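Work through the exercises below with the sequence and the model in view. Try each task before reading its solution.

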Amino acid sequence: MSRQDDVRKTASRPGEFFFILALTVIAAILLAQIGDQTKFYKRLKLPTQPGFWPAVGLGGMVLSGAALAVSAWYKRRREGASGQDLQEQDLQEMVFIARAGEFMLWFMFYVWITPWAGYLASTILFVMCLAWRAGYRTTGMQALSAGLAVFIVVLFKSFLSVKIPGGAVYDLLPPDLQSFMAINF
Amino acid sequence: METLSAALDHVLSLQVLVALLIGSIGGVIIGAIPGVGPAVAIAILLPATFSLEPIVGLTLLLGVYGSSMYGGALPAILINTPGTAVNAMTTYDGYPMTKRGEAGRALSLAYSASFFGGIFAILALILLSPALAAVAPHFGSREIFLAALLGLVLVVVTHRGQHLVSLLLVCFGIFINTVGLEPVRYSKRYTFDQSWLSSGVDLIVVVLGLFALSQAFLLLLERDGAPKPPAIKTGMLGGLREVLRFPKVASASSGFGVIMGIIPGVGEFLAQFFAYSFAMKTSKKPEDFGRGSPEGLIACEAANNAVPPAAMIPMLALGIPGEALTAMMLTVFHVHNVIPGPALFQDQPDFVIALYISLLLLNVMVFIFLAVASKSLLRIVQIPTRYIGVMVLTLSFVGVYSLRNSAIDCLIAAAFGLLGLILRRLEWPIVPIILGMVLGGIMETKLRTSLPRIKEPWDLVNRPIAAVLFSLIVLAVVLHFWALYRSRIKR
């Protein structure tokens with residue numbers, strides 16, 4: 001077995017220690033605020049207090065998180081010589097996760113543009129642009145993406161009648177077409 | 001007889017049959033696309049079903065749930081990549097069979113074993129119904145509280161090697177569910193005076209974030225690939241005969257699926273593990289397991305496909321979902337004011353029987369569809385990874401935005417998507433968060449309802465069913481620590 005395999009088998013996964021630590025610290029901070037964030041009624045039994053279940057959740061998170069953090073810390077210390085590699089791996093993992101931020105922004109852009117452009121236009125734009133970004137740039141794939149977008153809109157909005165409001169741009173259309181577009185697309 | 005006739009009226013309506021057809025074929029297709037899976041599909045479809053009749057919406061979701069595992073076997077066997085997570089064990093024997101040129105036989109065996117498991121579980125469900133109808137009314141608040149607690153305990157103890165992680169995530173789920181107005185006195189909890197937090201964090205938003213958006217992010221970030229599956233040369237119908245040549249393996253594996261499906265919080269993985277171990281121990285050729293053993297393949301597929309109908313048992317009888325998919329379906333019941341639980345069997349038996357018939361029809365439809373269309377489904381397996389990411393991200397929008405047309409919901413879902421991505425990268429389970437949210441909510445309500453009748457702590461467990469449930473909780477915890485102690489001694 002190679003050294004790298006050895007590290008993978010015994011080590012916590014890259015970034016795991018910091019993730020556990022972050023969760024535990026956040027839970028502890030929230031638990032410390034239980035007095036401010038929940039109401040306490042004098043005559044009620046403890047399990048019926050509004051703060052009881054948040055305390056169970058956060059208390060459990062702090063305890064299990066602390067135990068996991070200690071265990072992950074010992075694993076890292078035991079790895080000794082590979083500590084440098086681990087820090088590099090942690091960093092690489094954080095960069096990987098941060099890269100997902102780009103697609104969060106894509107998603108939120110889609111959310112932002114839909115009430116303006118309408119579901120049909122925004123979906124065609126979103127799918128074609130995202131497909132382009134993902135590397136599908138041929139005319140065939142772009143046409144396929146536009147077709148896919150139309151299919152999704154027709155399936156959900158026209159056929160299943162999901163509640164997505166018409167776009168502000170529909171107000172510019174003639175009245176008959178306006179209501180048709182708002183209902184179906 | 002009247003009940004059966006009313007149930008048939010429900011099922012034989014055009015809307016239900018169309019939902020069944022779309023759900024079952026859609027489920028197979030979704031299952032065959034590696035990286036999507038039924039959880040993502042159900043999460044996306046969930047809000048769309050709110051405008052449908054309860055039986056129509058549920059049939060659509062049941063179709064996806066029950067048929068996705070059939071479809072998941074296709075890439076597992078042909079390209080060694082499970083279509084859904086529960087098809088992972090199918091690769092052990094399915095892919096070696098493909099490598100020796102028996103792809104058609106392996107697929108036929110997998111579909112037939114799945115069909116056997118599905119029908120076995122539905123028959124078990126139908127046979128257990130009278131018993132359920134008799135026992136369910138004895139479940140009061142404290143029994144339901146204890147059953148939900150048992151579910152959470154089992155979620156933690158069954159995640160081997162990840163007990164603390166599961167506990168942490170269950171507790172996280174419990175906490176998330178408490179944000180907003182509490183259910184009895186309507187005081188605010190952890191809203192930080194933000195009006196958008198007053199209505200709490202919606203389960204569907206969390207589910208879509210954790211399952212769908214995280215999967216989309218992962219697919220878009222990963223290296224692109226379009227697998228090339230081998231051609232299927234033989235027919236699909238010989239498998240059923242071969243499955244019936246191993247009746248012990250098929251029945252025992254389906255039995256494991258039923259038992260594990262009924263127990264909240266356990267699910268397909270343990271069912272397959274027990275079924276596979278049993279098949280290997282009783283086989284005349286145990287050395288073939290992992291190298292293309294038909295018995296191994298039958299065990300895995302029969303066990304995993306027996307779980308969905310069985311998982312409906314605790315949900316219908318007690319309103320307690322055993323895993324993430326039934327937790328999502330529970331929201332459809334609640335939206336339509338059909339409250340699963342003891343009263344459902346007494347008040348709406350036709351509805352329950354209609355669901356059973358739908359499940360039965362679903363398995364028949366899927367089996368016929370796969371026997372005819374497997375060769376055409378090969379194209380679906382070849383969809384490039386990153387393009388699936390584009391599709392999932394686009395569809396996730398419908399799921400979240402159509403709930404309340406709220407950009408805040410979308411932002412929360414995106415944040416949970418990022419969290420889900422981290423969990424996937426760490427190989428941490430996502431299901432405990434969902435079960436923590438759902439079962440935590442049930443526990444809070446039921447405990448508060450039962451407290452006025454509880455004077456001493458002992459009163460919580462002084463009724464027969466409560467005592468049995470409490471004993472099971474204690475037993476699960478004791479066995480867990482005993483297993484930990486023994487593994488430490490061995491080391």
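**Exercise 1.** What percentage of the 491 residues in chain B is made up of buried residues?

*Solution.* Start with the conventions: this is a predicted model, in which local features need pLDDT of at least 70, side-chain atom pairs count only at pLDDT 80 or more, and totals for chains, interfaces and linings use all residues. Residues are numbered from 1 along each chain as its sequence is written, while chains are lettered from A and ligands numbered from 1 in the order in which they are written.

Next, fix the term: a residue is buried if 20 or more other C-beta atoms, placed from the backbone, lie within 10 Å of its own, exposed if 12 or fewer do, and partly exposed in between. By this test, 60% of chain B's 491 residues are buried. For chain A, with 185 residues, the value is 30%.

**Exercise 2.** Determine how compact chain B is and list its secondary structure.

*Solution.* Count the elements: chain B has 21 helices and two strands. Helices (H or I, at least four residues) and strands (E, at least two) are DSSP runs, numbered from the N terminus.

Then compare sizes. The radius of gyration, taken over C-alpha atoms, is set against a globule rule of 2.2 Å times the number of residues to the power 0.38. Chain B has a radius of gyration of 22 Å, close to the 23 Å that the rule gives for 491 residues, so chain B is as compact as a globular protein of that length. Its C-alpha trace spans about 65 × 60 × 50 Å along the principal axes.

**Exercise 3.** Describe helix H8 (residues 163-178) of chain B.

*Solution.* Take its length first: H8(B) has 16 residues and reaches 23 Å from its first C-alpha to its last, close to the expected 22 Å. The expected span is 1.5 Å times one less than the number of residues. Now check its cover: 14 of the 16 residues of H8(B) are buried. After the helix comes B:Gly180, with a positive phi near 110°.

**Exercise 4.** Is B:Ser358 buried or exposed?

*Solution.* Locate the residue: B:Ser358 lies in helix H17 (residues 349-381) of chain B. B:Ser358 is buried, because 26 other C-beta atoms lie within 10 Å.

List its contacts, where two residues are in contact if their C-beta atoms, placed from the backbone, lie within 7 Å. Leaving out residues up to four places away in sequence, B:Ser358 touches B:Val11, B:Val16, B:Leu20, B:Thr59 and B:Leu62.

**Exercise 5.** How many residues does each chain give to the contact between chain A and chain B?

*Solution.* Chain A gives 52 residues and chain B gives 50. On the chain A side, H5(A) supplies the largest share, 12 residues. Sorted by class, that side has 34 nonpolar, 11 polar and seven charged residues. Here Ala, Val, Leu, Ile, Met, Phe, Trp, Tyr, Cys and Pro count as nonpolar, Asp, Glu, Lys and Arg as charged, and the others, Gly among them, as polar.

**Exercise 6.** Which element of chain A has the lowest mean pLDDT?

*Solution.* pLDDT is the predictor's confidence in each residue, from 0 to 100. Chain A averages 87, and 89% of its residues score at least 70. Among its elements, helix H1 (residues 3-10) has the lowest mean, 40, and H6(A) the highest, 96. Over residues 1-10 of chain A the pLDDT is below 50. Where pLDDT is low, the predicted coordinates should not be read in detail.
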